[in-house]
There are 2 protein chains.
Amino acid sequence: MPGKRPAARRPTMKDIARRAGVSESAVSFALNDRPGVSEVTRDRVRRVAEQLGWRPSTAARALSGEGAATVGFVLARPAHTLGVDSFFLQLVSGIQEVLARRHLGLLFQVAADVEDECAVYRRWWAEHRVDGVLVVDPRTDDPRPDLLDELGLPAVVIGGAPDERHPGLSTVWADDAGAMASLVDGLHTLGHRRIAHIAGLPDLAHTERRIRALRAEAGRRGLTEVQSVTTDYSDAEGEAVTRRVLRSSAPPTALIYDNDVMAVAGVAAAAGLGFSVPADVSVVAWEDSALCRMVKPWLSALSRDSVEFGRTAATELVSLLDGGPARTVRVPVPRLIERDSTGPARAS
Amino acid sequence: MPGKRPAARRPTMKDIARRAGVSESAVSFALNDRPGVSEVTRDRVRRVAEQLGWRPSTAARALSGEGAATVGFVLARPAHTLGVDSFFLQLVSGIQEVLARRHLGLLFQVAADVEDECAVYRRWWAEHRVDGVLVVDPRTDDPRPDLLDELGLPAVVIGGAPDERHPGLSTVWADDAGAMASLVDGLHTLGHRRIAHIAGLPDLAHTERRIRALRAEAGRRGLTEVQSVTTDYSDAEGEAVTRRVLRSSAPPTALIYDNDVMAVAGVAAAAGLGFSVPADVSVVAWEDSALCRMVKPWLSALSRDSVEFGRTAATELVSLLDGGPARTVRVPVPRLIERDSTGPARAS
DNA sequence: TGCGCTCACTCAAGCGCTTTAGCTCAGCAC
DNA sequence: GTGCTGAGCTAAAGCGCTTGAGTGAGCGCA
């Protein structure tokens with residue numbers, strides 16, 4: 001008897017039809033809220049379906065042209081940077097919340113690089129696996145929008161800048177430039193004149209945006225000793241770059257890190273070099289998480305609601321799947337949470 | 001012209017059949033390596049398929065009884081504990097690696113609790129969405145194995161103890177008891193007699209295993225001042241519990257944390273109370289990540305290869321899907337990485 | 001009474017694939 | 001010549017659902 005697989009049979013519409021004494025088509029109409037059946041029949045069918053625990057087979061649905069009831073999400077980052085990043089799990093959990101409500105599945109895949117990611121989209125499309133995708137980490141010179149256009153796959157770009165060249169794509173983005181501007185403004189007010197920006201991956205669109213915004217703000221204020229350095233987001237590079245910039249003859253008095261991991265690593269590196277935070281150097285993390293309260297001093301951070309970000313993106317995709325128009329949605333500008341790592345610049 | 005969706009048509013087997021001048025059945029045989037076609041035809045068909053960029057429609061495949069080519073993964077943890085946890089992303093990336101090679105999709109879902117998770121399995125099963133699932137966070141008194149048995153859904157339990165009651169399930173697990181034993185042994189050798197174990201979620205099977213193992217080890221050595229306290233894995237509880245245990249009249253000289261996040265929070269809490277690590281109290285984290293090297297002192301940690309763990313689990317599931325037998329696989333015992341947070345007990 | 005119309009429903013085809021049964025023809029033994 | 005075999009292929013059904021084209025009853029209206 002052991003090892004026996006009962007494998008209870010799944011009920012189908014045919015079963016419902018039989019029990020309700022109507023045709024399969026009637027069942028289909030009834031369950032999909034289509035006209036063509038009386039309210040009485042509809043109710044009866046619904047009751048039978050419920051009672052049988054019926055659920056539509058996604059395979060059959062997909063095959064008859066209804067789409068796969070699934071959206072795709074590819075993460076293309078080097079494996080080692082996937083580590084201690086709270087952003088993606090939060091984002092995904094927000095996405096889920098919205099998708100689950102519509103019984104849409106989330107097909108998740110990690111890819112080695114963007115090229116790989118494109119291959120995944122092609123495969124998903126050819127295999128009829130997804131109805132749309134959520135694209136993260138948009139890049140400067142990104143091949144993905146063109147591809148998705150070509151495939152006719154509805155998509156929402158998360159974190160991209162508005163893009164007129166692809167009117168089919170929705171975009172959900174945060175105003176990095178604005179955030180950077182107010183950040184620089186705050187630091188400037190505190191007397192900081194030498195600022196280093198330890199940025200993320202060089203090819204990412206938002207990295208680019210932040211770098212440009214910083215340069216613009218510096219220009220406007222006549223600050224000449226302002227720099228951005230790109231990294232791979234890892235604690236290792238955060239530490240290495242911090243060490244390098246602080247060792248210069250006129251070290252920065254404020255450090256802006258593009259994520260929390262590097263900021264934490266950076267604080268440790270600064271301490272190692274004898275710099276005290278915030279007395280000698282102020283630190284701000286672009287991304288708030290528990291991490292920021294795990295080190296002394298607690299890190300001031302730009303906080304955004306990543307879960308909400310995910311919700312927004314998913315909502316846009318759902319609307320796209322419903323035939324809605326592509327849109328560009330801006331989520332709220334991240335808010336600076338002032339903690340103990342920022343203070344007035346040391347008088348030079 | 002803008003907004004036009006070209007929506008290139010997907011090639012089907014019919015297209016291949018036409019171009020290759022054979023019937024659809026022949027194409028099916030050829031492409032699935034089934035007997036019934038000559039090598040010459042097989043080659044020709046394959047070439048045409050390749051040239052057309054054909055990929056089988058998963059929907060059609062699933063409908064004709066081949067399974068959905070997808071496995072499911074549900075994460076049922078309170079949203080706020082999802083934050084800074086490196087384990088799951090690593091695990092998933094290991095899983096992916098194996099699944100991708102077989103062109104299996106990973107359907108991912110976050111659920112509120114185990115009950116919710118069960119509902120997801122039922123739905124997936126009824127909707128024909130997945131061929132098997134990976135179950136994480138096994139619990140004492142877990143409803144999931146029974147359910148999966150009932151549904152006849154192949155499954156691999158990740159982190160569970162071997163379970164004879166469900167011969168249909170595969171299990172991939174680490175020997176927590178052994179790891180705990182050697183940990184206690186090490187601490188005992190260093191002179192520690194009062195040990196506090198800040199454990200994870202109380203219902204998880206591995207939490208239970210570790211607690212029991214600690215108690216057993218303490219019993220064997222006649223240590224009476226050894227305790228385990230369960231938490232929700234969050235930095236907040238890690239900090240609170242640390243504070244509480246260190247405030248007692250005879251505070252522990254060694255702290256074992258069930259994850260890296262709590263360990264880091266704990267070190268900060270200890271420092272706040274005037275305890276120096278490792279002089280006054282030693283700290284070990286059960287889970288190694290970049291976090292452990294982001295604080296001073298660097299944390300000693302039990303390190304396991306989570307990516308490999310994922311690979312192993314996925315491999316087992318694939319074998320199950322191929323009709324292989326259910327198995328129980330043990331992954332290597334986590335290894336203690338000694339850094340700066342452990343040392344001899346202060347002479348009392 | 002008969003015409004046309006609507007409503008509620010049924011029939012049957014079709015989505016892209018697998019699979020079983022069957023068909024054809026060459027090769028061979030007798 | 002007949003009969004058998006097996007290799008190589010085709011025809012057709014079926015998976016569970018949707019959908020457009022019927023069908024037939026009931027009704028209003030001239």
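Buried area is the accessible area that two parts lose on being put together, summed over both. In this predicted model, the area buried in that sense between chain B and chain A is about 5,400 Å², and carbon and sulfur atoms give 61% of it.

**The contact between the two chains**

On the side of chain B, 58 residues are in contact with 59 residues of chain A. Between the two chains there are 4 salt bridges, one of which joins the side chains of R293(A) and D235(B), with 3.8 Å from N to O. The count of residue pairs in polar contact between chain B and chain A, both at pLDDT 80 or more, is 16. Several elements of chain B each supply at least two residues of the side that touches chain A, namely the helices α4 (58-66), α5 (86-101), α6 (114-126), α7 (144-151) and α11 (260-272), together with the strand β2 (105-111). Sorted by class, that side of chain B holds 31 nonpolar, 15 polar and 12 charged residues.

**How the copies are related**

A turn of 180 degrees, with a shift of 0.0 Å along the axis, lays chain B on chain A with an RMSD of 0.1 Å, which is the relation of a two-fold axis. Because 100% of the interface residues of chain B are also interface residues in chain A, the copies meet through the same surface.

**The surface near DNA strand D**

Around DNA strand D there are 28 residues, of which M13(A), R61(A), S23(B), S25(B) and S38(B) come nearest. Of the atoms of DNA strand D that come within 4 Å of the protein, sugar and phosphate account for 63%. The table sets out three individual approaches to the strand, in which the side chains of S28(A) and E66(A) face phosphate oxygens, whereas S64(B) offers a backbone atom to a base oxygen.

| Residue and atom | Atom of DNA strand D | Distance |
|---|---|---|
| S28(A), side-chain N or O | phosphate oxygen | 2.8 Å |
| E66(A), polar side-chain atom | phosphate oxygen | 3.4 Å |
| S64(B), backbone N or O | base oxygen | 3.5 Å |

Both chains take part in this surface: α2 (24-31) and α4 (58-66) of chain A, together with α2 (24-31) and α4 of chain B, are the elements that give two or more residues to the surface near DNA strand D. The largest share, 5 residues, comes from α4(A). By class, the residues of this surface divide into 11 nonpolar, 12 polar and 5 charged. In chain B, α4 (58-66) also supplies at least two residues of the side that touches chain A.

Methods: Residues numbered from 1 in each chain as written. Chains lettered and ligands numbered in written order. Predicted model: local features only at pLDDT ≥ 70, side-chain atom pairs only at ≥ 80, totals over all residues. Heavy atoms only, no water. Contact = heavy atoms within 4.5 Å. Buried area = accessible area lost by both parts, 1.4 Å probe. Polar contact = N/O pair within 3.5 Å; in protein donor to acceptor, adjacent residues only side chain to side chain. Helix = DSSP H or I, 4+ residues; strand = E, 2+ residues; numbered from the N terminus. Nonpolar A, V, L, I, M, F, W, Y, C, P; charged D, E, K, R; others polar. Near = heavy atom within 4 Å. Least-squares fit on C-alpha atoms with pLDDT ≥ 70 in both.
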